[in-house]
Amino acid sequence: MKQNDPMVSTQESQYWLSSRSPWDPRGWSRRIWIIAVTAVIVVVAVVVGAVVGTRASSSANAYPDYSRLNYTLIDTYSGTSFFDKFNYFHDYDPAGGFVHYVDPAYARTYNLTFATQNTAIVKVDTTVGPGSEPDASTGRFSVRLESRAQYGPGLFLFDVKHTPHGCGTWPALWLTDPNNWPTNGEIDIMEAVNEAPSGNLVALHTTDGCTMSDVRREMSGTAGQGDCHNATNSNTGCTVTGGPGTYGPEFNAGGGGIVALEWRDEGIRSWIFPRNIQSGLTALPASAADPAPDPSTWGPPLADFPSTSCDVASHFRNQSIIVNIDLCGYFTEAVWASSGCPSNCTDLVANNPSAFTNAYWEFGAFQVYRPL
């Protein structure tokens with residue numbers, strides 16, 4: 001029977017309407033329709049919110065699998081040939097420093113790099129003063145080394161016996177592709193400014209799309225900025241800071257230590273194992289002395305940069321090892337007012353060669369491993 005059938009009486013039509021189920025939308029008023037649609041929207045919003053919340057919670061709890069990789073040694077920097085595998089950068093400082101990076105000939109003349117069987121030294125000039133010819137009125141002599149070899153993911157071990165420090169200094173041990181920055185990324189392994197009161201700074205600098213914010217990390221260091229994008233906050237990068245014993249006077253007083261970096265698709269991690277100056281040994285786990293060291297047994301690193309919200313494989317490639325001691329520059333100048341250092345940075349650098357007595361790196365060997 002159809003409601004618009006002319007053969008249906010008015011009484012029958014009224015009976016048909018009154019007997020319809022309240023769940024049948026054909027009998028709903030406009031008010032009931034509005035209530036029903038509103039209820040559906042609320043239910044959908046609750047469901048979507050629950051799904052999104054579950055996914056966010058899942059992402060926050062996600063963590064890479066850092067299980068063992070088998071490594072093999074592919075490169076060593078050591079002994080009297082330590083510097084043979086590096087190029088000496090001697091162009092305008094891209095970090096805005098008050099520095100003249102010298103070529104090998106100048107480095108020999110001013111004794112800024114030299115090596116023995118057991119150690120390699122990289123230092124800032126401590127001889128050129130206001131009356132010298134040349135003087136340091138446009139910047140002091142220093143060194144920036146860039147390894148000729150470029151590396152992919154792997155394990156890097158650095159025997160660091162002394163770290164540079166002092167007002168006006170900005171030293172770093174780092175990895176990058178000098179010809180493709182920031183496209184191929186940057187990994188700062190050891191970095192500090194002035195007297196390094198805060199300890200070692202570990203950082204990543206990338207193009208957009210790499211962040212450490214709101215992700216699970218397992219490390220002993222203190223996290224700073226989470227966004228690794230070089231355009232964020234004047235290229236601060238995503239940072240982790242260690243304690244005073246990880247860089248500078250306290251680190252040096254203990255005889256330095258072994259600095260380790262593991263770079264893999266799952267993430268990037270770094271450790272600092274202080275040396276026991278009494279025995280001449282290091283606290284580095286025994287596996288590091290083996291042909292195939294195993295970072296999965298080393299415990300929490302100083303810095304952990306998991307791949308949870310950063311595709312490590314697409315942001316880092318073709319990395320050279322870089323060692324330098326910059327003077328003044330963007331980072332040093334940015335914190336000068338709170339550094340406790342006298343005068344201003346450029347005046348200090350130009351006129352006080354003795355201020356850089358402790359501004360030198362001392363290394364044992366560098367070892368580079370790649371995963372099998």
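# Exercises: burial, strands and rings

Both Phe273 and Trp298 are buried (buried means under 20% relative accessible area, exposed over 50% and partly exposed in between, with a 1.4 Å probe and protein chains only). The model is predicted, so local features need pLDDT of at least 70 and side-chain atom pairs count only at pLDDT 80 or more, while totals for chains, interfaces and linings use all residues. Residues are numbered from 1 along each chain as its sequence is written, and side-chain values use heavy atoms, with hydrogens and water left out.

**Exercise 1.** Describe the surroundings of Thr176: which strand holds Thr176, is Thr176 buried or exposed, and which residues does it touch?

*Solution.*
- Step 1. Thr176 belongs to strand 9, residues 169-176. Strands (E, at least two residues) and helices (H or I, at least four) are DSSP runs numbered from the N terminus.
- Step 2. The relative accessibility of Thr176 is 2%, so Thr176 counts as buried.
- Step 3. Apart from neighbours within four places in sequence, Thr176 contacts Trp181, Gly185, Glu186, Asn318, Gln319, Ser320 and Ile322. Contact here means heavy atoms within 4.5 Å.
- Step 4. For Gly185, a polar atom of the Thr176 side chain lies 2.8 Å from the backbone oxygen. A polar contact is a pair of N or O atoms within 3.5 Å; within protein, one must be able to donate a hydrogen and the other to accept it, and residues adjacent in sequence count only if both atoms are side-chain atoms.

**Exercise 2.** Two of the residues in contact with Thr176 are Trp181 and Asn318. Look at the backbone there: what joins Trp181 and Pro182, and what is phi of Asn318?

*Solution.*
- Step 1. The peptide bond between Trp181 and Pro182 is cis, with omega about 5 degrees. Pro182 sits in the loop between strand 9 and strand 10 (186-191).
- Step 2. Asn318 has phi near 50 degrees, a positive value in a residue other than glycine. Its place is the loop between helix 5 (312-315) and strand 18 (320-327).
- Step 3. Asn318 is partly exposed, because its relative accessible area is 38%.

**Exercise 3.** Find the order of the strands in the open sheet that contains strand 9, then name its edge strands.

*Solution.*
- Step 1. Eight strands make up this open sheet, in the order 2-7-18-9-10-11-13-12, and the pairing is antiparallel. Two strands pair if DSSP finds at least two bridges between them.
- Step 2. Strand 2 (86-88) and strand 12 (222-223) are the edge strands, since each pairs on one side only.
- Step 3. At one edge, three bridges connect strand 2 to strand 7 (residues 144-147) in the antiparallel sense. Phe86 has Ser147 of strand 7 as its bridge partner.

**Exercise 4.** How many bridges join strand 19 to strand 1, to strand 5 and to strand 8?

*Solution.*
- Step 1. Strand 1 (residues 71-77) and strand 19 (residues 360-371) run antiparallel and share six bridges. Within this pairing, Leu73 is matched with Tyr369.
- Step 2. Strand 5 is joined to strand 19 by four bridges, also antiparallel; Ile121 stands opposite Glu362.
- Step 3. Strand 8 (residues 154-162) pairs with strand 19 over six bridges in the antiparallel sense. Here His162 has Glu362 as its bridge partner.

**Exercise 5.** Classify two aromatic pairs: Tyr106 with Phe141, and Phe273 with Trp298.

*Solution.*
- Step 1. A pair of aromatic rings is described by the distance of the centres and the angle of the planes. Rings of Phe, Tyr and Trp (its six-membered ring) pair if their centres lie within 6.5 Å; planes under 30 degrees apart are stacked, over 60 edge-to-face and the rest tilted. The count by this rule is 22 aromatic pairs.
- Step 2. The ring centres of Tyr106 and Phe141 are 5.6 Å apart and the planes stand at 65 degrees, so this pair is edge-to-face.
- Step 3. Tyr106 is in helix 3 (residues 104-109) and Phe141 in strand 6 (residues 140-142), so the pair ties together parts 35 residues apart in sequence.
- Step 4. For Phe273 and Trp298 the centres are 5.5 Å apart and the planes at 85 degrees, so this pair is edge-to-face.
- Step 5. Phe273 lies in strand 15 (residues 267-276) and Trp298 in the loop between strand 16 (281-282) and strand 17 (303-306), so the pair ties together parts 25 residues apart in sequence.
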